[in-house]
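Q: I would like to learn how to read individual features of a structural model, one at a time, and with some care about what each of them does and does not say. Could we begin with the arrangement of a charged side chain and an aromatic ring?

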Amino acid sequence: MLPAGMAISSTTRSSTTRRAASPCKLNPFLELVRRRPDGYHDIDTIMVAVDWVDDVTLTLRNAPALSAAPEIRVRCDWAADTKNLVDDPERRDWSLPQDADNLVHKALAQFHRSLQIHIGCPLKVGYHVCIEKRVPSGAGLGGASSNAATALRLAADAVAAEYSISPVHAAHTARAAAARVGSDVVFFLGQTKPDFGPIQAARCTGRGENVEAVMLTNHVFSGDIRFLIVHPPESVSTADVYRQCEVPQHSISAVEHYAGADAVSGSKGRPLSIDLTIAPTRNRLTAPARQLSRCVDRLLSIGERQGLPISMTGSGSACFAILTDADSISQAERWRTLLPKGCLSTIAGITKTPQSIQLE
């Protein structure tokens, strides 16, 4: 701890910039366990990281003077390869949160406060973040949570390198901040044991903050699994979906669900191993989302009529189908031509979270 009145400044330069991709996620399984006394819900869910990504750039600036709070700027805009969709009159959800309205701002403010408490003195630094968006918000894809996790990881890496702070403590501080600002944020930071390594999938319990790495296998089909992801012309409020949902009398755990399809192997101390091509998808939030959104209901109904097994992810409104071979991918491409106007769709694969950091 430094003497009172002192502050830490960068030991090298006035600013440093880092960049990383920010993947989204899908929930092939989501069950409600109980309604908590605080009004939230305990869940049991499988999250899979998908390579439909935003790009997050963070610049750490050495502040010239101390202030009560760090300067945090968050600029969010659609990526160049997505901007043409903004003009689609059928879509009604293209506004992007800026500065304090963005979850990234809240995450970095929490990270900065915790870090200053640890070092025992003010940290003369500002955070400037630019987000190039492709993943729509209010979709159940975890886009905002992923952006926050990516910004936290970039900030931790930059602070450790530029301000002589322990990389391990900076990483732990980022994870603690993630747990405070959003349950899904923790998943996008990857696994904690044995280290802060990347993961492809995880079983998340509690409010979603308890993350256990899952191994994905594919015993039936050759090649890589792909996903058709479709976002309808409107979003669905997560709070409204959870407010209208019903907790089942007897919940099914992810282990029970996948074991029933002979898709889980492993023993104590080893991660679950899940084959997504065998077990069916399951999402307890689908029914209330369909009641709240005619777009979600219509999208799922079209999939049912076309024989394409499509499911909702998270609390909606995005839906997805698992594609296992060239024929299913071709079917999905044909199905995309039948989508209602205003739908945003892509075919994506499994990736890892978090993504590698690039210095600029």
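A: Let us start there: Arg207 lies over the face of Tyr40, at 3.9 Å from the ring centre. Please keep in mind throughout that this is a predicted model, and that the values we discuss are computed from its atoms.

Q: How many aromatic pairs are there, and how is a pair of aromatic rings described?

A: A pair of aromatic rings is described by two quantities, namely the distance of the centres and the angle of the planes. In this protein the count comes to three aromatic pairs. One of them is formed by Phe187 and Phe188, with 5.1 Å from centre to centre and 65° between the planes. The pair is classed as edge-to-face because planes over 60 degrees apart fall in that class.

Q: Are Phe187 and Phe188 buried or exposed?

A: Phe187 is buried, and Phe188 is buried as well. For the background to that statement, 53% of the 360 residues of the protein count as buried.

Q: What does the secondary structure come to, and what share of the contacts joins residues 24 or more positions apart?

A: The secondary structure of the protein comes to nine helices and 13 strands. Among the contacts with a separation of 6 or more, 78% are accounted for by residues 24 or more positions apart.

Q: How should I read the packing of two helices, taking α1 and α2 as the case, and at what angle do their axes cross?

A: One reads the axes, then the hand of the crossing, and then the residues in contact. The axes of helix α1, residues 103-119, and helix α2, residues 143-162, come within 8 Å and cross at roughly 35°, and the crossing of α1 and α2 is right-handed. On the side of α1 the contact involves Leu103, Val104, Ala107, Leu108, Phe111 and Leu115, while on the side of α2 the residues met include Ala144, Ala148, Ala151, Leu152, Ala155 and Val159. The residues of this contact of α1 with α2 divide into 13 nonpolar, two polar and no charged.

Q: Which residues other than glycine have a positive phi, and which peptide bonds are cis?

A: The general idea is that most residues other than glycine have a negative phi, and that most peptide bonds are trans. Here Asp99, although it is not a glycine, has a positive phi of about 45°; Asp99 lies in the loop between β3 and α1. Ser164, likewise not a glycine, has a positive phi of about 55°, and Ser164 is found in the loop between α2 and α3. As for the peptide bonds, a cis bond with omega of about 15° joins Gly316 and Ser317, where Ser317 has its place in the loop between β10 and β11. The peptide bond from Thr353 to Pro354 is also cis, with omega near 0°, and Pro354 lies in the loop between β12 and β13.

Q: Why does Ser164 count as exposed, and why does Asp99 count as partly exposed?

A: Ser164 counts as exposed because its relative accessibility of 61% is over the 50% cut-off. Asp99 counts as partly exposed because its relative accessibility of 37% lies between the cut-offs of 20% and 50%. In the loop between β3 and α1 one also finds Asp101, which is exposed, with a relative accessible area of 66%.

Q: Which residue is separated from Ser273 by 4.5 Å, C-alpha to C-alpha, and how far along the chain is it?

A: The useful habit is to state the separation along the chain together with the separation in space. Ser273 and Met215 are 58 residues apart along the chain, and their C-alpha atoms are separated by 4.5 Å. Ser273 lies in strand β8 and counts as buried, because its relative accessibility of 8% is under 20%. A second case is Ala239 in helix α5, which is 76 residues from Ser315 in sequence and 8.9 Å from Ser315 in space, C-alpha to C-alpha. A third is Ala63, in the loop between β2 and β3: the C-alpha atoms of Ala63 and Ser15, 48 residues apart along the chain, are separated by 9.2 Å. Leaving aside its neighbours within four places in sequence, Ala63 is in contact with Lys124 and Val125.

Conventions. Residues are numbered from 1 along each chain as its sequence is written. This is a predicted model: local features need pLDDT of at least 70, side-chain atom pairs count only at pLDDT 80 or more; totals for chains, interfaces and linings use all residues. Side-chain values use heavy atoms; hydrogens and water are left out. Axes are lines fitted to C-alpha atoms, for helices over the stretch in contact, and angles run from 0 to 180 degrees between N-to-C directions. Helices (H or I, at least four residues) and strands (E, at least two) are DSSP runs, numbered from the N terminus. A crossing is left-handed if the near helix is turned anticlockwise from the far one by less than a right angle, and right-handed if clockwise. Contact means heavy atoms within 4.5 Å. Ala, Val, Leu, Ile, Met, Phe, Trp, Tyr, Cys and Pro count as nonpolar, Asp, Glu, Lys and Arg as charged, and the others, Gly among them, as polar. Rings of Phe, Tyr and Trp (its six-membered ring) pair if their centres lie within 6.5 Å; planes under 30 degrees apart count as stacked, over 60 as edge-to-face and the rest as tilted. Buried means under 20% relative accessible area, exposed over 50%, partly exposed in between (1.4 Å probe, protein chains only). A charge sits over a ring if NZ of Lys or CZ of Arg is within 6 Å of the ring centre and within 35 degrees of the ring normal.
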